[in-house]
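Trainee: Got a minute? I'd like to walk through this model with you.
Mentor: Sure, put it up.

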Amino acid sequence: MMIAVAPNGARRQKADHQALPITTAELAETAVECQDAGASMIHLHVRDDQGGHLLDAQAYRVATAAVRDAVGSDMIIQITTEAVGIYSVDEQIAVVKELKPEAVSLAVRELCPRAEDELRAGRFFSWLQQERISPQYILYSADDVLRFNSLRERGLIPGDNISVLYVLGRYSETGASSAAELLPMLSAAGSDVIWSVCAFGATEASCMLVAAGLGGHARVGFENNMQLLDGGVAANNGALINQVAEGIGPMGRHIASGFEARSLLGMQ
């Protein structure tokens, strides 16, 4: 089972938690902490000088180099293309093409929101495959999954090792997640995708354990949740990973190393 960490996201600040990593040095330190806890991937957001969300190739280069120096070659470094209402589709695509990261997360809703956007997105997805960049497609609902299936069937999403992330709780009224949200998404999905789950709120870890039992993978971290199952506040991102890592054994799973994660995702 792959465990990815999303340690900061685009919106939260030190006022939310002092251990939230903002600077390059903090991201590198957090990456080591999370790798030691069992994470095989870090989902990387970078910030500007005021702590705001940033999509910038040079800022990503600096952060990626610092994290790589800290964790070595085993951990996958995945960048985000999240728009946060700031960046256009062209800007999202441009930063990936300039940077050429090893892995990237892509919200299908953002990159091809309308039917007329699909050909441009499809060309970008094909370019990712040509450049051997590992994409993870972010899906928020069963309707998103059905549209994703259609894009695959029409050849707009290429490849055999297709990785998706099912997001739970993003649009709930309370901001909390329920593992029940996962079931219609899995029902709509193809059986050949490599699927992971992230979940908003204090039920994050329980949702991850449901995913473990069903054969999925996990993404946890301060981007979506800061609470432990016992109701306390996690000391750091590593504590959230530990909760999941300690619970998956009874599900018949073991924690994937970075090497195993790369093999599973076809990145070797």
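Mentor: One term before we start: contact, or touching, means heavy atoms within 4.5 Å. And keep in mind that this is a predicted model.

Trainee: Fine. Let me start with a glycine, then. What does glycine 215 touch, not counting residues up to four places away in sequence?
Mentor: Trp195 and Arg253.

Trainee: Where is the place of glycine 215?
Mentor: In the loop between helix H8 (204-214) and S10. Glycine 215 is partly exposed, at a relative accessible area of 39%. Look at methionine 251 too. It sits 36 residues from glycine 215 along the chain, and their C-alpha atoms are separated by 9.0 Å.

Trainee: You mentioned S10. What do the strands form, and in what order do they run?
Mentor: A closed barrel of eight strands. The order is S1-S2-S5-S6-S7-S8-S9-S10, and the pairing is parallel. On average, neighbouring strands of this sheet are turned by 25° against each other, direction ignored.

Trainee: How many bridges join strand S9 to strand S10?
Mentor: Two. S9 covers residues 194-199, S10 covers residues 217-220, and they run parallel. Valine 197 stands opposite alanine 218 in S10.

Trainee: And which strands does H5 touch?
Mentor: H5 packs on the sheet against strand S6 (103-107) and strand S7 (134-139). The direction of H5 makes about 165° with that of S6.

Trainee: New topic: the nonpolar interior. How many residues has the largest core?
Mentor: It has 77. Phe124, Phe125, Leu128, Tyr137, Val164 and Tyr166 have the most contacts inside it. Helix H2 (residues 57-71) gives the most to this core, with six residues.

Trainee: Take phenylalanine 125. Which residues is it in contact with, leaving aside neighbours within four places in sequence?
Mentor: Leu106, Leu111, Tyr137, Leu156, Ile157 and Pro158. There is also a second, separate core of 10 residues. Met41, Ile76, Ala256 and Ala261 are among them.

Trainee: Lots of aromatics there. How many aromatic pairs does a search of the whole structure find?
Mentor: Five. Take phenylalanine 124 and tryptophan 127. Their ring centres are 6.2 Å apart and their planes meet at 15°.

Trainee: Why does that pair count as stacked?
Mentor: Because planes under 30 degrees apart count as stacked, and these are at 15°. Phenylalanine 124 and tryptophan 127 both lie in helix H5, three residues apart, about one turn of the helix. Both are buried.

Trainee: What about tyrosine 137 and phenylalanine 148: how far apart are the centres, and at what angle are the planes?
Mentor: Centres 5.3 Å apart, planes at 50°, so that pair is tilted. It links distant parts of the chain: tyrosine 137 is in strand S7 and phenylalanine 148 is in helix H6, 11 residues apart. Both tyrosine 137 and phenylalanine 148 are buried.

Trainee: Which residues do ring pairs link into a cluster?
Mentor: Phe124, Phe125, Trp127, Tyr137 and Phe148.

Trainee: OK, charges now. How many salt bridges does the structure hold?
Mentor: It holds 15. One joins the side chains of glutamate 26 and lysine 14, at 2.9 Å, N to O. Glutamate 26 is in helix H1 (residues 24-37), and lysine 14 is in the loop between strand S1 (3-5) and H1, 12 residues apart.

Trainee: Are those two buried or partly exposed?
Mentor: Partly exposed. Glutamate 26 has a relative accessible area of 24%, and lysine 14 has 25%.

Trainee: Give me another bridge.
Mentor: Arginine 154 with glutamate 118, at 2.7 Å, N to O. Arginine 154 is in the loop between helix H6 (142-153) and strand S8 (163-168), while glutamate 118 is in helix H5 (residues 118-130), 36 residues apart.

Trainee: Which partner is buried there, and why?
Mentor: Glutamate 118, because buried means under 20% and its relative accessibility is 9%. Arginine 154, at 45%, counts as partly exposed.

Trainee: And how far apart are the closest N and O atoms of glutamate 223 and arginine 219?
Mentor: They are 3.9 Å apart. Glutamate 223 is buried at 16% relative accessible area, and arginine 219 is buried at 6%.

Trainee: Last one. Which residues do shared salt-bridge partners join into one network?
Mentor: Asp90, Arg114, Glu116, Asp117 and Arg120.

Note on methods. Residues are numbered from 1 along each chain as its sequence is written. This is a predicted model: local features need pLDDT of at least 70, side-chain atom pairs count only at pLDDT 80 or more; totals for chains, interfaces and linings use all residues. Side-chain values use heavy atoms; hydrogens and water are left out. A salt bridge is a side-chain nitrogen of Lys or Arg within 4 Å of a carboxyl oxygen of Asp or Glu. Helices (H or I, at least four residues) and strands (E, at least two) are DSSP runs, numbered from the N terminus. Buried means under 20% relative accessible area, exposed over 50%, partly exposed in between (1.4 Å probe, protein chains only). Two strands pair if DSSP finds at least two bridges between them. Axes are lines fitted to C-alpha atoms, for helices over the stretch in contact, and angles run from 0 to 180 degrees between N-to-C directions. A nonpolar core is a set of buried Ala, Val, Leu, Ile, Met, Phe, Trp, Tyr and Cys residues joined through side-chain atoms within 4.5 Å. Rings of Phe, Tyr and Trp (its six-membered ring) pair if their centres lie within 6.5 Å; planes under 30 degrees apart count as stacked, over 60 as edge-to-face and the rest as tilted.
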